[in-house]
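Below are some notes on the model you sent. They go through a few local features, point by point.

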Amino acid sequence: MEMNINFFEILGYLGTAFVLLSFLMSSVVHLRVLNIIGSFISVVYLFPKGAYPTAFMNAALVAINVFHLARMYNNKVSFSILACDIKESAVKFFIESNKADILSFFPDFDKKEANFTKLIYHANEVAGVFAGKKTGDELEIFLDYTSKSYRDFSAGKLLFDTLASEGIKTFSIVKPSDSHIQYLKKMGFVQDGEKYIKHA
């Protein structure tokens, strides 16, 4: 009996840990997935204890998160990519509004001079900004940032496909932050010393 009590106590703490951990995620998808796991574990823990109101609340959270995940993956989000200048007001405003998050991925981007900038739009909303130094058909990336709301959609793939269609054959980024490396690998970059490189 003592083992069962200990098991359910551990289960309760585990559910709480997953829910709390979900709120630390920068990715909306990761947030919802972890929240689903934590809420489901909490339901399993709370029902045998008769804590029905809290159990029903967690069950509702599971349903809500599943609904939003399904909607995210069933709805195709369309993006537009527009050329611009990094000194334009819209670019500066977007960067300033997301500065803390941007610096966590690109701590040195503002110390470099970009001659190539793109804004990524979803409908009438700026979803991201891309900036770097273009030399011939090569592009060194200084900034490739998408806001949290759109980070798990296909903006990155569309961006690189669009840039390749514009004649850019090689993309590189020097010493990317650890938090950005997983994204780069997903986009097809491979490590070459201190650089990550992608060929169109």
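**Notes on the predicted model**

1. Phe-47, Tyr-52 and Phe-56 together make a nonpolar surface patch of about 310 Å². Please keep in mind that the model is predicted. Of the patch residues, Phe-47 sits in the loop that runs between α2 (28-46) and α3 (52-74). Its relative accessible area is 32%, so Phe-47 ranks as partly exposed; the cut-offs here are under 20% for buried and over 50% for exposed.

2. The loop between α2 and α3 also holds Lys-49. Lys-49 has a relative accessible area of 48% and is therefore partly exposed. Between Lys-49 and Ile-36 there are 20 Å from C-alpha to C-alpha, for a sequence separation of 13 residues.

3. Which residues of helix α4 are buried? In this helix, residues 89-97, they are Val-91, Phe-94 and Ile-95. Viewed down the axis of α4, the buried residues lie within an arc of 95°, and so they line one face of the helix. The general background is that an α-helix has 3.6 residues a turn, so residues three or four places apart point the same way.

4. Ser-89, Lys-92, Phe-93 and Glu-96 are exposed, and they are carried on the face of α4 turned away from its buried side. Phe-93 is thus listed among the exposed residues, whereas Phe-94 is among the buried ones.

5. What do the buried residues of α4 pack against? Their partners are the helix α5 (99-105) and the strands β1 (80-84), β2 (116-122), β3 (125-135) and β4 (138-146).

6. Strand β5, residues 170-174, has four of its five residues buried and is mostly covered. β5 runs parallel to β4, and three bridges join the two. Within this pairing, Leu-139 has Phe-171 of β5 as its bridge partner.

7. β5 also pairs with strand β7 (residues 195-199), here in the antiparallel sense and over five bridges. One of the bridge partners in β7 is His-199, which is matched with Thr-170. β5 is therefore joined to β4 in parallel and to β7 in the antiparallel sense.

8. Lys-175 deserves a look at the backbone: its phi is near 45°, a positive value in a residue other than glycine. Lys-175 is found in the loop between β5 and α7 (178-186). Is Lys-175 buried or exposed? Its relative accessibility is 58%, so Lys-175 counts as exposed, the cut-off being over 50%.

Terms used: Residues numbered from 1 in each chain as written. Predicted model: local features only at pLDDT ≥ 70, side-chain atom pairs only at ≥ 80, totals over all residues. Heavy atoms only, no water. Patch = residues over 30% accessible without salt bridge, like charges linked within 9 Å, V, L, I, M, F, W, Y side chains within 5 Å. Areas by Shrake-Rupley, 256 points an atom, 1.4 Å probe, with all protein chains shown as cover. Salt bridge = Lys/Arg side-chain N within 4 Å of Asp/Glu carboxyl O. Buried < 20%, exposed > 50% of the residue type's maximum accessible area, 1.4 Å probe, protein only. Arc of directions from axis to C-beta. Contact = heavy atoms within 4.5 Å. Pairing = 2+ DSSP bridges.
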